[in-house]
Structure formats: structure tokens, C-alpha cells
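Thanks for coming. I will take one strand, go through its neighbours, and then turn to the aromatic rings.

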Amino acid sequence: MTPPICIIVCNPHLWPPFCLQKLRFPFFLLSNTQLPFRSLQSSTSMASNDPEHKEEETVAAEDEDTGAQVAPIVKLEEVAVTTGEEDEDAILDLKAKLYRFDKDGNQWKERGAGSVKFLKHKQTGKVRLVMRQSKTLKICANHLVIPTMTVQEHAGNEKSCVWHAADFSDGELKDELFCIRFGSIDNCKKFMETFQEVAESQQGKEENKDASNAAGLLEKLSVGDEKKEEVKETEKAGESEEKKEVEAASST
């Protein structure tokens, strides 16, 4: 039985021939000095035929700026956004956190953190309190400040104060007990002072409004009395004419 023959491919500069003398089996020695160049060529050709490599080249070509201008398919028009505060001037604007007292659960619940404002209408002069959440801009308090309202410091916290109001933030009037907390004592005092000043300033306007309403009612009553008197006079004139006609008919 003939022994197997081994073919050894090596670089003679790295593996000298005397090292092969210790081998105890027949072999053929081939030099591979040109293999790195051939392997480089084969790897380059394989890379060029690789589908992933082709895909990368295609993506790179697509990312190149050709300078062409493409017109948009849909044109978006600018829409004017209204907040409902265009006819009002801000008297006070402070950052705070608002709470609402839950009667069912007998506990305070957070309404949101954001900016609380006193807004005065340019024509009517009425002032309302509006608070929006900082991120969503959702309204968490919206009510008029009327003369009967009072604000007082929350027990045990100089940065907080409480008040009652008929709130309309949820789309319907609700009697709410609010508590607001500020980042500093100065902001809380400023809020309370402005609240009281606004409530007192609305007192005269409410009195003028009541006087104008009373005058309107008196005017309506006087006009109604005059109309009643006119009706009575016309009825009397009609009755006298009927009597005259009856007397003339009886005499004939």
C-alpha cells in the first residue's frame, strides 16, 4: 500500500527548507509567493459581486445631492391660531401649580402646573383668572373675578392660598375650591394682593350694572303703564260710539 502524499504550500522565506527535513512522510513543496496578490484580486472581485456591497453603493449614489428641485404635491396653508385672549390684557402672569378639592374623595387633586394669569377685557373691563398647563396648554382654571370672592393663605404653607369660584374650565359652571402653590412667598403675596385689588375694582362696576338694570326695569314698567292707559282710552271711546249708535237706532 502506497503511503499518502501531502502537498505543502508555503512561503520559503518564512518556512526554511531545513524545517521540512524533519517530516517523515512524502510531500510536495509549492511556493505561494504570488498567493497574496491573487487572493487580493479574488477578494476584490468577490466584493464587487457581493449584493450587499452593490446595495451600499446604490444608497451612497442616491444620497448624493443632484441639485434638482422637486415641487411639493400638497401645499399647506398657514392657519391662524386664536387663544381667545386677543381682546384682553394680562395684569399678572406667574408660574404655579393648581389643586382642586375633591368632595367625594375628601382630598386635594392636582389640576396642573403652568402659567396663571389675570386677564382684563379691553371693552367691558371684566377680569377673569385663566390658568393653562405648561406643555399641553390645556385650561385648568377659567372663571371671572367678582366682588364677593376672597382669597386667603393656606394653613401651614406661606407659598399657597385658597379661594372659591364658579369655574368654567370643563365647559360647565362648577363651584370649585382651588388651592394654588407658587415657587416663592413673594409670588404668593403678589397673587393674593392682585386678586383682592381686582375683586374690589369690580365692586363699582357691579353697582353700576345693578343701577342700569334697575333703570331698565323702571323704564319698561313706565312704558307698560302708558300702553295700558292708551288701551283703556281706546276701549272707552269704542263704548261711547256703540252707545251713540244704539240710541240713534232706538229713536228711529
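Is strand β8, residues 160-167, mostly covered or mostly uncovered? Mostly covered: of its eight residues, six are buried. Bear in mind that this is a predicted model.

Now the neighbours of β8. On one side in sequence there is strand β7, residues 151-153, which pairs with β8 in the antiparallel sense over three bridges. One contact to look at is Glu-153, whose bridge partner in β8 is Cys-161. The two strands make a hairpin with six residues between them. In that turn, Gly-156 has a positive phi of about 85 degrees.

Next is strand β9, residues 174-182. It pairs with β8 over eight bridges, again in the antiparallel sense. Here Asp-167 has Lys-174 in β9 as its bridge partner. β8 and β9 also form a hairpin with six residues between them, and Gly-171 in the turn has a positive phi of about 95 degrees.

Now the rings. How many aromatic pairs does a search of the whole structure find? Eight. One of them is Trp-163 with Phe-195: the ring centres are 5.8 Å apart and the planes are at 55 degrees, so this pair is tilted. Trp-163 lies in β8 and Phe-195 in helix α3, residues 185-251, so the pair ties together parts 32 residues apart in sequence. Both Trp-163 and Phe-195 are buried.

For Phe-182 and Phe-191, the centres are 5.2 Å apart with the planes at 45 degrees, so that pair is tilted. These two residues are buried as well.

Finally, one aromatic cluster is formed by Phe-118, Trp-163, Phe-178, Phe-182, Phe-191 and Phe-195.

Definitions and conventions:
Residues are numbered from 1 along each chain as its sequence is written. This is a predicted model: local features need pLDDT of at least 70, side-chain atom pairs count only at pLDDT 80 or more; totals for chains, interfaces and linings use all residues. Side-chain values use heavy atoms; hydrogens and water are left out. Buried means under 20% relative accessible area, exposed over 50%, partly exposed in between (1.4 Å probe, protein chains only). Helices (H or I, at least four residues) and strands (E, at least two) are DSSP runs, numbered from the N terminus. Two strands pair if DSSP finds at least two bridges between them. Rings of Phe, Tyr and Trp (its six-membered ring) pair if their centres lie within 6.5 Å; planes under 30 degrees apart count as stacked, over 60 as edge-to-face and the rest as tilted.
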